[in-house]
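Here is a short tour of one protein model, meant to be read with the structure open beside it. Take a moment to turn it around before reading on.

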Amino acid sequence: MLAPLRIGPIVVETPVVLAPMAGVTNRAFRTLCREAGASGGDDPGLYVAEMVTSRALVERNTEALRIVTFGADETPRSAQVYGVDPATVREAVRIIVAEDRADHVDLNFGCPVPKVTRKGGGAALPWKRDLFTAIVRGAVEAARPYGVPVTVKMRKGIDDDHLTYLEAGRIAEGLGVAAVALHARTAAEHYSGTADWTAIARLKEAVTSVPVLGNGDIWSAEDAVRMVRETGCDGVVVGRGCQGRPWLFADLAAAFAGRPERVRPGLREVADTIYRHGELMIEYFDGDEGKGMRDLRKHMAWYLKGYAVGGDARRALAMVSTLDELRGHLDALDQDAPYPGEAAEGQRGRAGSPKTPHLPYGWLDSRELDAEHEERLREAELSVSGG
């Protein structure tokens with residue numbers, strides 16, 4: 001059994017973190033994951049909300065505030081902040097901690113999508129080490145008076161010729177972060193290929209005073225245990241592997257406790273979970289049934305992966321607009337269908353292919369931030385959050 005995960009004052013007996021995923025890890029989905037994790041052990045893990053942008057939070061955007069509003073039973077509360085301007089990130093973190101909106105703040109330096117990297121954010125940002133240092137230092141200093149730990153999640157770098165993770169990990173450690181997490185791919189790899197777990201091992205060797213968490217290609221509890229064994233990391237961050245499978249957290253809790261049981265739901269149990277997800281989604285959107293159902297649609301293919309559900313039924317479920325309609329389509333399924341085995345497991349969603357990262361013009365010319373890029377970054381703060 002692995003030692004408990006310590007994130008500053010937070011102690012998590014099961015060393016598992018739900019990765020923040022835009023448009024996925026809202027309060028509704030986190031509830032399902034937490035309930036599953038708790039069923040597999042006394043301590044369900046740490047569940048991070050979807051990314052909130054610093055500018056949107058500082059401007060008190062309604063959706064941004066929704067993202068950092070947690071359920072009464074969510075503890076510890078974990079939020080992730082994205083930004084490219086140190087002053088804005090610092091103020092966003094100050095708002096979160098001063099208003100007691102979260103018990104833990106994670107900083108996003110791992111997002112590979114073009115709308116983020118072309119502004120110098122996400123996985124592109126650590127290339128500018130002075131900018132990375134300023135953002136992390138400001139966030140840690142803003143959170144410190146309130147006793148809220150700050151962590152960093154990052155990728156290996158921009159591409160294989162522009163790796164940043166070892167230097168960024170040591171910088172973050174020196175600035176007082178409570179943990180560092182590595183998605184063992186570059187921005188150029190996006191989600192393609194196989195995660196380079198050896199990079200997690202190298203980061204663990206470089207960062208010695210705070211926990212190092214590994215992320216990438218954890219599709220099962222066995223994958224998580226193997227990552228820890230092979231890399232020496234202190235815990236795992238689970239992203240796409242739990243899409244449509246919140247019960248994976250029960251498997252993870254059991255595996256890290258050394259127990260063999262695993263959740264293998266038949267279609268009836270899956271249908272019940274989908275319906276509960278729908279109810280929670282409507283609640284999350286303050287009773288807006290249409291918005292809740294539209295947001296649920298993206299999850300259908302993940303939930304039904306491998307199950308004997310025909311194309312017409314899948315298309316109907318992917319177009320639901322009311323809870324009654326959802327109930328009717330679910331009831332029409334062959335709910336006696338058993339768990340389909342390996343067909344329901346493995347990779348979720350589209351891995352895609354390697355992509356040339358979109359970066360600000362001249363971004364790679366220097367490791368330091370020049371005046372022109374600094375001015376562009378202030379103008380480039382995204383004002384949207386989540387999905």
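## Lys153 and its surroundings

Lys153 has a relative accessibility of 14%, so this residue counts as buried. Please keep in mind as you look that the model is predicted. Lys153 is found in strand 8, which covers residues 150–155.

What is Lys153 in contact with, leaving aside its neighbours within four places in sequence? The list takes in Ala19, Gln80 and the run Asp106, Leu107, Asn108, Phe109 and Gly110, together with Ala181, His183, Asn215 and Val237. Keep His183, Asn215 and Val237 in mind, as they return below.

## The annotated binding site

In an unreviewed UniProt entry, the annotation "binding site" covers Pro20, Met21, Ala22, Gln80, Lys153, His183, Gly239 and Arg240. From this set, Pro20 and Lys153 belong to the lining of the largest cavity.

Met21, also covered by the annotation, sits in the loop that runs between strand 3 (16–18) and helix 1 (27–39). Buried or exposed: which word fits Met21? Its relative accessibility is 11%, and therefore Met21 counts as buried. Not counting residues up to four places away in sequence, Met21 touches Glu50, Gly239, Arg240, Cys242 and Gln243. Gly239 and Arg240 are covered by the "binding site" annotation too.

## Strand 10 and its partners

Now follow strand 10 (residues 212–215). Val212 and Gly214 point one way from this strand, Leu213 and Asn215 point the other way, and all are buried.

On one side of the pairing story is strand 9 (residues 179–183), which runs parallel to strand 10 and is joined to it by four bridges. Here His183 has Asn215 as its bridge partner. Strand 9, helix 8 (residues 197–206) and strand 10 form a right-handed β-α-β unit.

Strand 10 also pairs with strand 11 (residues 235–238), in the parallel sense and over three bridges. Opposite Asn215 in strand 11 stands Val237. Another right-handed β-α-β unit is made by strand 10, helix 9 (residues 221–231) and strand 11. His183, Asn215 and Val237 are among the contacts of Lys153.

## A check on helix 6

How does the span of helix 6 (residues 129–143) agree with what its 15 residues should give? At 1.5 Å a residue the helix should span 21 Å, and its end C-alpha atoms are 21 Å apart, so the two values agree.

Buried residues in helix 6 include Leu131, Phe132, Ile135, Val136 and Val140. Gly138, Ala139, Ala142 and Ala143 are also among them, as is Thr133.

Notes:
Residues are numbered from 1 along each chain as its sequence is written. This is a predicted model: local features need pLDDT of at least 70, side-chain atom pairs count only at pLDDT 80 or more; totals for chains, interfaces and linings use all residues. Side-chain values use heavy atoms; hydrogens and water are left out. UniProt positions are given in the numbering used here, feature names are shortened, and annotations may be inferred rather than shown by experiment. On a 1 Å grid over the protein atoms alone, a cavity is a set of points where a 1.4 Å probe fits but cannot get out, and a pocket is an open set with protein on both sides within 12 Å along at least five of seven lines; lining residues have an atom within 4 Å of a point. Helices (H or I, at least four residues) and strands (E, at least two) are DSSP runs, numbered from the N terminus. Buried means under 20% relative accessible area, exposed over 50%, partly exposed in between (1.4 Å probe, protein chains only). Contact means heavy atoms within 4.5 Å. Two strands pair if DSSP finds at least two bridges between them. A crossover is right-handed if, with the strands pointing away from the viewer, the path from the first strand over the helix to the second runs clockwise. The expected span of a helix is 1.5 Å times one less than its number of residues.
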